[in-house]
Amino acid sequence: MKKLLLVGINSVHTYNYIELINGYFDEILLITDSINPSYKGRAHVYDFSVKNSIVIFRSFSEIKKLVKEFLPSVMHIHQANTAAWCMLTALRQLKIPSIVTAWGSDILVNPQKGFFYRKMVSQILSRSDYFTADASFLAEKMKELSKKNIEVEVINFGIDPICNNLSELNNLLPQKENIIYSNRLHKKLYRIDKIILAFAFFIRSNPQQWQLVIAATGEETPNLMHVVTTLGITQNVTLTGWVNRDQNYDWYRKAKIFVSYPESDATSVSLLEAMSAGCIPVLSDLPANREWISKAHNGVITPQLCSTDFENAVELCSTNAAANNLDLVLQKASKANSRRLFLELYNRAS
């Protein structure tokens, strides 16, 4: 009987991953920080916050008991964070094959916070058996931080393409509107305020009527609303609030341009979704983005977002950029391809 011990935060990405590998394991036990009420699988909640270090160490025996009873074939930990460190430390003597899938911030941001985080990440990378990352540059960074010669497989989580072939894309493109779409979280990391400012300059010099649609929510939402009002562009900017999957996909279909301008990032699902819907990406100059977008070929890469970047994206709307993007996504980022790669890894690990 094949059993998976899956460790991940209460995030849509965790539940999407469970759906991605559905049917391969006979049983899955999820260990997480909280449980979505809609999740019907077996799950246990633990608080792995560094603020509760005493609680963490006290829970080691409980974790060991739970895992011994479950007897997993393999343990897969999503994120190289405190949860990963705790699980790998608590279960070291059990010799369970382990996989760590790193997210961008785990490797790119956390080690910069100080000695504790650098040491934690280093120990995670030395104690697990297998590793995956969703971008080549992230995999290389993991190798740098490791104290042993680790192999990191590059596997993204995959998406359901909005267009599944060139014919669907060609039918969609004429229906697109003069919309620039942003759907990253309203956190300082994603610099949505810079997007609004660049858009304000763009519409001053652009004769056509353009709309900036900002989806999602977050701690920066009130500030973003203030920026829009201060710049006097309320007629051209829509803050939709949180959108569900269908609403998100509808905006991709309508938008000509997709913009994402974080300070740090790995391969984002939203970028791949936008590419599959014929949106021309305008992106911050990050290694992961350069793995998907070639400047002036299939999108815009910019170190300092400005109105010219949107103008360059408009010019690409009349080229083969959208077709090139769809072809790239279908080849490298479909869920079918990602599922195949993860299952191959499970076969080797267990």
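**Figure 1. Salt bridges within helix α6 of the predicted model**. E144 is exposed, because its relative accessibility is 60%, over the 50% cut-off. The side chain of E144 meets that of K141 in a salt bridge, with 3.6 Å from N to O. K141, at 26% relative accessibility, counts as partly exposed. Both E144 and K141 belong to helix α6, where they are 3 residues apart, about one turn of the helix. A second salt bridge joins E140 and K143, whose closest N and O atoms are 3.5 Å apart. These residues, E140 and K143, also both lie in helix α6 (residues 136-145), 3 residues apart, which is about one turn of the helix. E140 is partly exposed at 43% relative accessibility, and K143 is partly exposed at 33%.

**Figure 2. The salt bridge between R245 and D246, and the network around it**. The closest N and O atoms of R245 and D246 are 3.9 Å apart, and the two residues form a salt bridge. R245 has a relative accessibility of 46% and counts as partly exposed, whereas D246, at 52%, counts as exposed. Through salt bridges that share partners, D160, R245, D246 and K335 are joined into one network. The structure has 11 salt bridges in total.

**Figure 3. Y181, a buried residue of strand β8**. Y181 is located in strand β8. Its relative accessibility is 0%, so Y181 counts as buried. The side chain of Y181 makes a polar contact, at 2.6 Å, with the side chain of N248. Along the chain, Y181 and N248 are 67 residues apart, and their C-alpha atoms are separated by 9.7 Å. Beyond its neighbours within four places in sequence, Y181 is in contact with several residues, among them V213, A215, V243, W251, Y252 and I257.

**Figure 4. N178, a second view of strand β8**. N178 lies in strand β8, which spans residues 177-182. N178 counts as buried because its relative accessibility is 18%, under the 20% cut-off. The side chain of N178 reaches the backbone oxygen of Q209 at 3.5 Å. Residues up to four places away in sequence being set aside, N178 touches Q208, Q209, W210, Q211 and K256.

**Figure 5. Strands β9 and β10 and the crossover between them**. Strand β9 (residues 211-215) and strand β10 (residues 237-241) run parallel and are joined by 4 bridges. From β9 the chain passes through helix α9 (residues 221-230) to β10, in a β-α-β crossover that is right-handed. Within the pair of strands, L212 stands opposite V237 in β10.

**Figure 6. The buried residues of helix α13**. Helix α13 covers residues 307-316, and its buried residues include S307, D309, F310, A313 and L316. Among the elements that cover the buried residues of α13 are strands β8, β11 (255-260), β12 (280-284) and β13 (300-302). Helices α8 (192-205) and α14 (321-332) also contribute to this cover.

**Figure 7. Cysteines without disulfides**. The structure holds 0 disulfides. C163 takes part in no disulfide, and the nearest cysteine sulfur, that of C279, is 9.3 Å away. C163 is buried, with a relative accessible area of 2%. C279 is likewise in no disulfide; for C279 the nearest cysteine sulfur is that of C317, at 9.0 Å. C279 has 0% relative accessibility and therefore counts as buried.

Note on methods. Residues are numbered from 1 along each chain as its sequence is written. This is a predicted model: local features need pLDDT of at least 70, side-chain atom pairs count only at pLDDT 80 or more; totals for chains, interfaces and linings use all residues. Side-chain values use heavy atoms; hydrogens and water are left out. Helices (H or I, at least four residues) and strands (E, at least two) are DSSP runs, numbered from the N terminus. Buried means under 20% relative accessible area, exposed over 50%, partly exposed in between (1.4 Å probe, protein chains only). A polar contact is a pair of N or O atoms within 3.5 Å; within protein, one must be able to donate a hydrogen and the other to accept it, and residues adjacent in sequence count only if both atoms are side-chain atoms. Contact means heavy atoms within 4.5 Å. Two strands pair if DSSP finds at least two bridges between them. A crossover is right-handed if, with the strands pointing away from the viewer, the path from the first strand over the helix to the second runs clockwise. A disulfide is a pair of cysteine sulfur atoms within 2.5 Å. A salt bridge is a side-chain nitrogen of Lys or Arg within 4 Å of a carboxyl oxygen of Asp or Glu.
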